[in-house]
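Student: I'd like to go through this one with you and ask how each label is earned. Can we start from the picture?

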Amino acid sequence: MHRPEPLITPAAADQAVTVVQHIHQAPPDRTVQRVALGAGIGAGAVVAGVFVGPMVITLLASAAVPLAFIALVLVAGAWGVVSVVRSVGGPEGKAAAKTLRRKG
């Protein structure tokens, strides 16, 4: 943004001090680390937060996929067992399937 300002005289220019200050907002992933450094926490803790933090998040996300797949397999297996017991067993099979469903 350009703001026109009046020209100053050479005598006033010798006394004038221009301060140019750039204010930047820290990126969201670094803000916590900068606050930690300002609070006096050691650089090792900040480095751990910068590098280990994203690795832990990645590890948790990558571990969730196999766990979800295992849960899906277990649910499908239980559904299959209950269906087979119901269809094969007659009244006893239905009672057994009901028991299985309560315990699962």
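**Valine 52 and its surroundings**

Tutor: Sure. This is a predicted model, and valine 52 sits in helix H3, which covers residues 43-103.

Student: Why is valine 52 called partly exposed?

Tutor: Its relative accessibility is 41%. Buried means under 20% and exposed means over 50%, so valine 52, at 41%, counts as partly exposed.

Student: What makes Val52 part of a nonpolar surface patch?

Tutor: Patch residues need over 30% relative accessible area, and valine 52 has 41%. Val47, Phe51, Met55, Val56 and Leu60 join Val52 there, and the patch comes to about 580 Å².

Student: And what share of the chain is buried?

Tutor: Just 8% of the 104 residues. The accessible surface is about 9200 Å², with 70% of that belonging to carbon and sulfur atoms.

Student: What pattern does the chain follow?

Tutor: It reads α-α-α, with 3 helices and 0 strands.

Student: Which elements have the lowest and highest mean pLDDT?

Tutor: Helix H2 (residues 28-38) is lowest at 65, and H3 is highest at 81. Where pLDDT is low, don't read the predicted coordinates in detail. For the chain, the mean is 75, and 71% of residues reach 70 or more.

Note on methods
Residues are numbered from 1 along each chain as its sequence is written. This is a predicted model: local features need pLDDT of at least 70, side-chain atom pairs count only at pLDDT 80 or more; totals for chains, interfaces and linings use all residues. Side-chain values use heavy atoms; hydrogens and water are left out. Helices (H or I, at least four residues) and strands (E, at least two) are DSSP runs, numbered from the N terminus. Buried means under 20% relative accessible area, exposed over 50%, partly exposed in between (1.4 Å probe, protein chains only). Accessible areas come from the Shrake-Rupley method with a 1.4 Å probe; for residues, only the protein chains shown count as cover. Patches are made of residues with over 30% relative accessible area and no salt bridge: like charges are joined within 9 Å, nonpolar side chains (Val, Leu, Ile, Met, Phe, Trp, Tyr) within 5 Å. A salt bridge is a side-chain nitrogen of Lys or Arg within 4 Å of a carboxyl oxygen of Asp or Glu. pLDDT is the predictor's confidence in each residue, from 0 to 100.
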